[in-house]
Amino acid sequence: MYSASLVPHFVGLQHRQLLVEDNRVTLVLAPARVTAVCPECHRRSTRIHSYYRRSLVDLPGGDRPVCLRLIVRRFRCMNRGCSRRIFVERLPNLAPTYARRTQAQRTALEDFAFAAGGS
């Protein structure tokens with residue numbers, strides 16, 4: 001587990017593997033929570049349907065780019081009245097849905113763009 005003071009956007013994630021290559025660093029992470037909340041009916045579920053991998057680009061570590069490989073779960077919604085039967089767990093502290101970059105990297109790029117765009 002990473003320290004929240006060093007990498008605050010990794011809170012709630014478990015470290016699975018670290019791959020250090022010549023040109024980049026790859027971290028394999030998985031959510032530490034046991035349950036997920038359905039985005040439609042807001043009920044918690046523990047029934048895992050399947051897994052998939054999601055890739056995100058994070059802030060560089062030193063002189064190497066950092067790539068995050070997330071093992072994300074799909075859950076079954078157990079509420080019979082809910083129209084969504086299967087949903088993917090959300091990682092709002094790390095990245096919005098469908099994002100390819102972490103929120104931390106996006107913020108850093110926006111800050112750089114505002115600074116460079118003014119001159």
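Strand β6 and strand β7, the latter covering residues 86-88, run antiparallel and are joined by three bridges, and within this pairing Arg74 stands opposite Val88 of β7. The model in which this arrangement appears is a predicted one, and the pairing of β6 with β7 offers a convenient point of entry into the chain, whose secondary structure comes to seven strands and one helix. Followed along the sequence, these elements give the pattern β-β-β-β-β-β-β-α, and the C-alpha trace spans about 55 × 35 × 25 Å along its principal axes.

Strand β6, which takes in residues 64-76, also has strand β2, residues 25-31, as a partner, and here the two run parallel and are joined by five bridges. In that pairing Val28 is found opposite Arg69 of β6. With strand β5, residues 48-61, β6 pairs in the antiparallel sense over 11 bridges, and Leu56 has Leu68 in β6 as its bridge partner. The connection between β5 and β6 is a hairpin with two residues between the strands, and Gly62 in the turn has a positive phi of about 70°. In general terms, the side chains of a regular strand alternate between the two faces of the sheet.

The pairing of β6 with β7 is accompanied by a contact between side chains, for the structure holds one aromatic pair. The ring centres of Phe75 and Phe87 lie 5.9 Å apart and their planes are at 20°, and the pair therefore counts as stacked, the cut-off being planes under 30 degrees apart. Because Phe75 belongs to strand β6 and Phe87 to strand β7, the pair ties together parts of the chain that are 12 residues apart in sequence. Phe75 and Phe87 are both buried.

Between these two strands runs a loop, and Cys77 has its place in the loop between β6 and β7. With a relative accessibility of 8%, Cys77 counts as buried, because the limit for that class is under 20%. Once its neighbours within four places in sequence are left aside, Cys77 is in contact with Cys38, Cys41, Cys82, Arg84, Arg85 and Phe87, and Phe87 is also a member of the stacked pair described above. Cys77 and Ser45 are 32 residues apart in sequence, while their C-alpha atoms are 6.1 Å apart in space.

For the chain as a whole, 32% of its 119 residues count as buried. Among the contacts with a separation of 6 or more, 52% are accounted for by residues 24 or more positions apart.

The empty space left around the protein atoms can be considered next. The largest pocket has a volume of about 250 Å³, and its lining is made up of 19 residues, of which Arg33, Arg90, Leu91, Pro92 and Asn93 lie nearest the centre. This lining divides into 11 nonpolar, four polar and four charged residues. The second largest pocket has a volume of about 210 Å³, and of the 13 residues that line it, Tyr52, Val88, Arg90, Thr97 and Tyr98 are the closest to its centre. Its lining divides into eight nonpolar residues, one polar and four charged. Arg90 is named among the residues nearest the centre of the largest pocket and also among those closest to the centre of the second largest, while Val88, which is likewise listed for the second largest pocket, is the residue of β7 that stands opposite Arg74.

Key: Residues are numbered from 1 along each chain as its sequence is written. This is a predicted model: local features need pLDDT of at least 70, side-chain atom pairs count only at pLDDT 80 or more; totals for chains, interfaces and linings use all residues. Side-chain values use heavy atoms; hydrogens and water are left out. On a 1 Å grid over the protein atoms alone, a cavity is a set of points where a 1.4 Å probe fits but cannot get out, and a pocket is an open set with protein on both sides within 12 Å along at least five of seven lines; lining residues have an atom within 4 Å of a point. Grid points are joined across faces, edges and corners, and a volume is the space filled by probe spheres set on the points. Ala, Val, Leu, Ile, Met, Phe, Trp, Tyr, Cys and Pro count as nonpolar, Asp, Glu, Lys and Arg as charged, and the others, Gly among them, as polar. Two strands pair if DSSP finds at least two bridges between them. Helices (H or I, at least four residues) and strands (E, at least two) are DSSP runs, numbered from the N terminus. Rings of Phe, Tyr and Trp (its six-membered ring) pair if their centres lie within 6.5 Å; planes under 30 degrees apart count as stacked, over 60 as edge-to-face and the rest as tilted. Buried means under 20% relative accessible area, exposed over 50%, partly exposed in between (1.4 Å probe, protein chains only). Contact means heavy atoms within 4.5 Å.
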